[in-house]
Amino acid sequence: MSENTGPSAATPSRRKVLLAGTAALGAAALGSTGLGAVASASPGAGAVPIREPFSLGVASGDPLPSGVVLWTRLAPNPLAEDGLGGMPNQVVPVQWQVATDERFRRIVAAGSEMARPESAHSVHVELDGLEPGTEYFYRFRVEDELSRIGRTKTAPRFGARLDRFAFAFASCQNYPVGHFSAYSHMVEEDLDLVAFLGDYIYEGPAMGTIGRPHVPAREIFGLADYRTRLAQYKTDPDLQAAHAAFPWAVVFDDHEVENNWAGDRSQPDNEPDQDPAVFRQRRAEAFQAYYENMPLRATQRPSGANIRINRRLTFGDLVDFHLLDTRQYRDFQDQAKRLDPARTILGTDQRDWLFGNLRGQTASWNVLAQQVFFSQRDFTAGDVDSFSDDAWDNYVVERNLVRDQLAKASNPVVITGDVHANYVADVKANFDDPASATVATELVGTSITSNGNGVDQNPTDAVQLQENPHIKFINRNRGYVRNTITHSEWKADFRVIDYVETPGAPVRDRARFVIENGRPGAQQV
């Protein structure tokens with residue numbers, strides 16, 4: 001991300017220094033830079049000393065022109081069954097520090113936050129007063145223990161001329177079925193943001209066969225379970241490195257709570273949460289743990305079973321991100337009602353919020369960052385149609401309303417996760433008429449690990465391509481999508497790895513698509 005002024009993004013060589021782990025300068029050097037003076041680093045009377053508390057790494061998120069969110073969570077024993085990470089039942093002061101260089105010679109902000117037991121000793125620092133479009137480095141300290149160094153970057157000034165913006169999006173990381181090797185390549189990219197589109201964890205009991213069994217070894221239901229499962233995922237070194245390298249913007253899908261949940265309803269099964277009141281309690285505890293483990297602002301702090309995850313991030317005059325929630329307000333999945341105009345996947349308030357955004361002043365490119373397949377997708381050859389009941393195809397009238405509003409916006413692009421495959425699709429004015437106008441573009445990213453090693457295509461993909469001529473590309477390897485945006489075009493590189501069941505897979509570019517400014521639809525180059 002580059003404004004006309006301000007430091008450039010970290011080079012790969014600098015990033016290797018940044019991502020080396022715990023700050024090499026040591027506690028004495030950190031204290032000499034002034035952090036030790038912010039607050040006493042010694043525990044109070046009767047307090048238990050904290051050792052190796054930063055097992056879950058550091059993260060930043062939701063950049064604004066004046067600041068970002070910094071995150072860490074103290075967990076000397078991250079897999080403790082009580083979900084408290086091995087922390088004592090006491091409030092712990094956590095010092096933080098922000099600098100414009102990775103050796104912390106030019107410190108611009110420092111302070112202290114209290115990590116509290118009732119929040120699983122998580123820390124959310126909402127920075128303000130920073131320079132727009134600027135790279136920063138940050139770290140935390142508890143007593144004499146230091147965190148690794150993180151790198152982040154503020155957004156440019158609203159409306160400022162921005163020549164380039166680069167981001168990656170990813171989704172669906174299932175811990176027992178694969179190593180998160182894709183992130184080891186993502187950290188080498190020159191990115192301004194990572195957008196994570198859901199399924200950060202999986203709630204089920206899967207043990208896998210590669211030596212990464214779920215903890216706890218059962219489907220998770222309560223607050224302690226969700227805290228422990230999130231902590232387990234965050235112990236992955238490649239995921240930690242990606243969080244430390246870039247600011248993230250995160251949204252959840254279903255598996256952060258339960259597979260295919262919708263509104264106040266659990267998926268049909270024989271579990272106690274078939275009672276909506278029981279499910280709302282489960283949802284509340286899942287949301288609490290999610291917030292505790294993500295670099296989110298206080299405006300995203302849940303209130304019981306409710307959390308506002310939809311929000312807008314703007315990057316100069318170039319990109320607007322409209323981050324959506326397609327779970328919390330949706331009607332229950334029902335194929336028989338897919339054409340009912342009363343059905344919603346967004347809820348009235350969120351839809352009004354989105355349409356208000358799109359009708360107002362927007363940047364050159366408008367991104368809907370969301371979870372489930374947006375374009376029509378018929379799975380069956382011939383005259384008989386079949387569609388996913390968990391995607392926008394189950395909410396056709398509202399999908400078409402959103403499509404029509406997108407058609408009026410500047411350069412609309414929908415980015416999507418969920419389906420464990422790469423797709424590129426033209427969003428059509430009428431999906432049943434291939435000759436109708438293309439009004440937007442949908443880019444769907446594959447999973448980080450879900451569904452295992454992956455293949456280039458499944459045999460049934462030929463049917464999808466035949467029945468849905470607006471779908472231009474399908475691929476089922478694992479990986480992420482790298483996007484480079486200028487005022488003239490959007491380049492989407494589908495970066496894939498060939499295996500996840502063993503670590504160390506190399507990365508390659510499977511395909512590149514380009515969207516031209518003012519010309520909806522993507523062309524392969």
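Strands are DSSP runs of at least two residues, numbered from the N terminus. In this predicted model, Ala120 lies in the loop that links strand E4 (107-115) to E5.

**Figure 1. The whole chain in the predicted model.** The secondary structure of the chain amounts to 9 helices and 22 strands. With a radius of gyration of 22 Å, close to the 24 Å that the globule rule gives for 525 residues, the chain is as compact as a globular protein of that length. The C-alpha trace spans about 75 × 55 × 45 Å along its principal axes. Of the 525 residues in the chain, 61% are buried. Among contacts with a separation of 6 or more, 70% are between residues 24 or more positions apart. The accessible surface is about 18400 Å², and carbon and sulfur atoms contribute 49% of that area.

**Figure 2. Confidence along the chain, with two stretches of low pLDDT.** The chain has a mean pLDDT of 93, and 91% of its residues reach 70 or more. Residues 1-14 have a pLDDT below 50, and this stretch has 38 contacts in the model beyond near neighbours in sequence. Residues 19-33 also stay under 50, and the model has 32 contacts for them beyond four places in sequence. Where pLDDT is low, the predicted coordinates should not be read in detail.

**Figure 3. Helix H6 and the elements that its buried residues pack against.** Helix H6 covers residues 276-292 and has 17 residues. From first C-alpha to last, H6 reaches 24 Å, close to the 24 Å expected at 1.5 Å a residue. At the start of H6, a side-chain oxygen of Asp275 comes to within 2.9 Å of the backbone nitrogen of Ala277. The buried residues of H6 include Phe279, Arg282, Arg283, Ala286, Phe287 and Tyr290. An α-helix has 3.6 residues a turn, so residues three or four places apart point the same way. The partners of the buried residues of H6 are strand E2 (67-73), strand E5 (122-126), helix H4 (223-234) and strand E11 (247-250).

**Figure 4. The surroundings of Arg351 in helix H7.** Helix H7 comprises residues 348-359, and Arg351 is found within this helix. Is Arg351 buried or exposed? Arg351 has a relative accessible area of 17%, and a residue counts as buried under 20%, so Arg351 is buried. Leaving aside residues up to four places away in sequence, Arg351 touches Thr344, Leu346 and Glu398. Leu324 is 27 residues from Arg351 in sequence, and their C-alpha atoms are 9.4 Å apart in space.

**Figure 5. Backbone geometry at Ala120, in the loop between E4 and E5.** Most residues other than glycine have a negative phi, and most peptide bonds are trans. Ala120 is not a glycine, yet its phi is positive, at about 55°. The relative accessible area of Ala120 is 0%, and this residue is buried.

**Figure 6. Asp199 and Pro216 in the loop between E10 and H4.** This loop runs between strand E10 (193-196) and H4, and Pro216 is found in it. What kind of peptide bond joins Val215 and Pro216? The bond is cis, with omega about -5°. Asp199 is also found in the loop between E10 and H4. The phi of Asp199 is near 65°, a positive value in a residue other than glycine. Asp199 is buried, and its relative accessible area is 1%.

Conventions
Residues numbered from 1 in each chain as written. Predicted model: local features only at pLDDT ≥ 70, side-chain atom pairs only at ≥ 80, totals over all residues. Heavy atoms only, no water. pLDDT = per-residue confidence, 0-100. Contact = heavy atoms within 4.5 Å. Helix = DSSP H or I, 4+ residues; strand = E, 2+ residues; numbered from the N terminus. Expected span 1.5 Å × (residues − 1). Buried < 20%, exposed > 50% of the residue type's maximum accessible area, 1.4 Å probe, protein only. Polar contact = N/O pair within 3.5 Å; in protein donor to acceptor, adjacent residues only side chain to side chain. Rg over C-alpha atoms; globule rule 2.2 N^0.38 Å. Areas by Shrake-Rupley, 256 points an atom, 1.4 Å probe, with all protein chains shown as cover.
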